[in-house]
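Me: Could you walk me through the charged side chains and the backbone details of this model? Short answers with the reasoning would suit me well.

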Amino acid sequence: MKTLHLVLVLAALLLSLAACTVGSGREIGIVAGERNSNPAMYFEPKRVTVRAGETVSFVVRNDGVVDHEFESDEAGIEEVIIPARGIRRVAFEAPSKPGEYPVYCDLAGHREAGMELVLVVE
């Protein structure tokens, strides 16, 4: 019985340590959605700053009623679809080259309606 208890305690400890290492790095919250004003669609904040080579996790929350995407070919962020009222976590390693990179929703008309933010790499 003591052995079983010890095994369970060790398993719980290992699981908690593994959970701590998943998605390591700083978390950056992003909100996506639509509004009844100009611009009609948005990402907030409009600018995000990271260090060159930094590993971060974007936590993208869609407060809108339609699906949105979060991507940047220029910065190397693969397309992620955030369903209406959904949340997605995006692991990302910033480019080693400092600069400003667009991050956007590439669904038809969304980027043009304001769904773009600037990723500043320092």
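Reply: Happy to help; the notes on the model come first, then the questions one by one. This is a predicted model, in which local features need pLDDT of at least 70, side-chain atom pairs count only at pLDDT 80 or more, and totals for chains, interfaces and linings use all residues. Residues are numbered from 1 along each chain as its sequence is written, and side-chain values use heavy atoms, with hydrogens and water left out.

Me: How many salt bridges does the structure hold?

Reply: Side chains of opposite charge can pair when their charged atoms come close. Here a salt bridge is a side-chain nitrogen of Lys or Arg within 4 Å of a carboxyl oxygen of Asp or Glu. By that criterion, the number of salt bridges is 7.

Me: Which residues are linked with Glu54 in a network of salt bridges?

Reply: Glutamate 54 pairs with arginine 26, with the closest N and O atoms 3.1 Å apart. This pair joins distant parts of the chain, 28 residues apart: arginine 26 is in strand 1 and glutamate 54 in the loop between strand 3 and strand 4 (55-62); strands (E, at least two residues) and helices (H or I, at least four) are DSSP runs, numbered from the N terminus. Glutamate 54 also meets arginine 51 in a salt bridge at 3.6 Å, N to O. The network partners of Glu54 are therefore Arg26 and Arg51.

Me: Is glutamate 54 buried or exposed?

Reply: The classes rest on relative accessible area: buried is under 20%, exposed is over 50%, and partly exposed is in between (1.4 Å probe, protein chains only). Arginine 51, at 54%, counts as exposed, and arginine 26, at 37%, is partly exposed. Glutamate 54 has a value of 8%, so the residue is buried.

Me: How many residues apart in sequence are arginine 89 and glutamate 27?

Reply: Arginine 89 and glutamate 27 form a salt bridge, their closest N and O atoms being 2.6 Å apart. Since arginine 89 lies in strand 7 and glutamate 27 in strand 1, the pair ties together parts whose separation in residues is 62.

Me: Which residue comes after glutamate 44 in a cis peptide bond?

Reply: The bond that starts at glutamate 44 is cis, with omega near 0°. The residue that follows lies in the loop between strand 2 and strand 3 (47-50). That residue is proline 45.

Me: What is the phi of arginine 85?

Reply: Arginine 85 sits in the loop between strand 6 (77-82) and strand 7 (87-93). With a relative accessible area of 57%, arginine 85 is exposed. Although arginine 85 is not a glycine, its phi is positive, at about 65°.
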